[in-house]
Every structure is written in structure tokens, then in C-alpha cells.
Amino acid sequence: MGFHIVLIEPEIPNNTGNIGRLALGTGSTLHLVKPFGFELSDKRLKRAGLDYWQHLNVVIHENVDAFFKEHDDKKMIFFSATANKNHWEIDFEDDMFLVFGKESVGLPKTLLNKHQENAVKIPLYSTHIRSLNLANAVAISIYEGLRQIS
């Protein structure tokens with residue numbers, strides 16, 4: 001059992017480190033799509049991932065096109081604050097790819113337009129914020145998926 005967590009062009013090493021730790025704890029694979037806003041050797045990445053990083057199943061992709069060329073046939077869900085459906089409205093499946101965009105702008109509009117039927121959001125109940133922290137959004141999504149499939 002597990003998911004594939006996909007971070008498209010992550011920018012903040014602490015978020016990526018925390019998500020890596022979450023991926024390991026949930027039996028998921030972490031896919032990192034370049035370019036990154038940090039170096040993989042960044043000590044903040046390692047600190048957030050603690051000493052678990054070496055045990056993590058992480059796959060590096062050179063760019064978005066390379067990622068989709070390899071995994072285009074997989075079941076994917078795209079997370080965006082601008083999506084119409086809530087994340088609990090989808091049927092999670094084992095081995096599903098959960099795709100998240102970079103912290104500053106989210107997923108590219110072209111990608112969301114292409115996969116609009118598979119785009120979901122985590123609802124917010126305040127107009128004072130535009131989105132959740134990336135690591136928090138991944139955690140909410142993964143555990144909703146685990147709840148559904150277990």
C-alpha cells in the first residue's frame with residue numbers, strides 16, 4: 001500500500017524534507033521534478049527529513065515533460081487551490097500519483113487545464129489565506145487517501 005507524492009519544482013527545502021519524512025512514514029514514493037529552488041545537499045532538507053532521508057524511496061525527474069513521458073498512463077490527482085472539487089470527493093486508489101505544485105504559484109495553468117477533471121482542492125474556511133503550507137496539504141491528502149483504502 002502506498003502513494004506516489006509528486007512535487008513539481010519544489011522551492012522550500014524544509015517542506016520537501018518534511019514531505020520526504022511523511023512519504024517514508026506512509027510507505028509512499030516521493031517524486032521530485034526539477035528545477036528545484038534548493039540543492040538536494042541543503043542541510044535544511046536533511047534536517048527536516050532527519051536521519052530518515054537515506055531510507056526514502058525518492059525519484060528525481062529532470063523536468064515536467066520527462067515525468068509525464070514516464071508516468072502519463074498512471075492514475076493521477078492534481079491538487080490546486082483553484083480546483084472545483086474537494087479532495088474527499090475522489091476515490092483514492094493504491095499506487096495513485098498525488099501531484100502538487102511549487103509553493104509560490106502552485107501547478108502550472110496549462111497542466112491544470114489539461115487535467116481539470118482530476119483536479120481537487122483542500123477547502124479553506126477563511127478568506128484571509130490563499131492556500132495551505134505544501135507539507136500540510138500533502139499530509140492531509142495522504143491520510144485521507146490512506147483512510148479510504150485501508
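**Cores, pockets and a few telling residues**

L132 comes out as partly exposed, because its relative accessibility is 32%, and partly exposed covers the range between under 20% and over 50%. The model looked at here is a predicted one. L132 sits in the loop that links β7 and α5. Not counting residues up to four places away in sequence, L132 touches I122, L124 and I140. As for P13, it is 119 residues away from L132 in sequence, yet the two C-alpha atoms are 16 Å apart in space.

L132 also turns up at the largest pocket, where it is one of the residues lying nearest the centre, along with S80, A81, G106 and S131. In total, 27 residues line this pocket, and its volume is about 630 Å³. Three elements, α4 (109-114), β7 (119-121) and α5, give two or more residues each to the lining. By type, the lining splits into 15 nonpolar, seven polar and five charged residues.

The second largest pocket has a volume of about 150 Å³. Its lining is made up of S80, T82, A83, N84, K85, K109, L112, N113, Q116 and A119. Here α4 supplies the largest share, with three residues. The breakdown is three nonpolar, five polar and two charged. S80 is named for this lining and also lies among the residues nearest the centre of the largest pocket.

Moving inside, what tends to happen to nonpolar side chains in soluble globular proteins? They tend to be buried together. In this model, the largest nonpolar core holds 27 residues, and the members touching the most others are I5, L7, L30, L98, F100 and V138. At least two residues each come from β1 (4-8), α1 (13-25), β2 (29-33), β4 (76-79), β6 (97-100) and α5 (134-149). Of these, α5 gives the most, with six residues. F100 shows how this packing works out for a single side: leaving aside neighbours within four places in sequence, F100 is in contact with I5, V6, L7, I8, F79, L107, L134, A137, V138 and S141. There is also a second, separate core, this one of 15 residues, including I8, F97, L112 and A119.

Helix α5 deserves a closer look. With 16 residues at 1.5 Å each, α5 should span 22 Å, and its end C-alpha atoms are 23 Å apart, so the two values agree. Which residues of α5 are buried? They are L134, A135, A137, V138, S141, I142, E144, G145 and L146. These buried residues pack against β1, α1, β4 and β6.

Two other spots round out the picture, starting with H61 in strand β3 (residues 58-61). Is H61 buried or exposed? H61 counts as buried because its relative accessible area is just 3%, and the cut-off for buried is under 20%. Neighbours within four places in sequence aside, H61 is in contact with H31, L32, V33, K34, F67, E70 and H71.

N57 is found in the loop between α2 (43-49) and β3. Its relative accessibility of 43% is why N57 counts as partly exposed. Beyond residues up to four places away in sequence, N57 touches S28, T29 and L30; L30 is also one of the residues touching the most other members of the largest core. K34 lies 23 residues from N57 along the chain, and their C-alpha atoms are separated by 17 Å.

Conventions. Residues are numbered from 1 along each chain as its sequence is written. This is a predicted model: local features need pLDDT of at least 70, side-chain atom pairs count only at pLDDT 80 or more; totals for chains, interfaces and linings use all residues. Side-chain values use heavy atoms; hydrogens and water are left out. A nonpolar core is a set of buried Ala, Val, Leu, Ile, Met, Phe, Trp, Tyr and Cys residues joined through side-chain atoms within 4.5 Å. Buried means under 20% relative accessible area, exposed over 50%, partly exposed in between (1.4 Å probe, protein chains only). Helices (H or I, at least four residues) and strands (E, at least two) are DSSP runs, numbered from the N terminus. Contact means heavy atoms within 4.5 Å. On a 1 Å grid over the protein atoms alone, a cavity is a set of points where a 1.4 Å probe fits but cannot get out, and a pocket is an open set with protein on both sides within 12 Å along at least five of seven lines; lining residues have an atom within 4 Å of a point. Grid points are joined across faces, edges and corners, and a volume is the space filled by probe spheres set on the points. Ala, Val, Leu, Ile, Met, Phe, Trp, Tyr, Cys and Pro count as nonpolar, Asp, Glu, Lys and Arg as charged, and the others, Gly among them, as polar. The expected span of a helix is 1.5 Å times one less than its number of residues.
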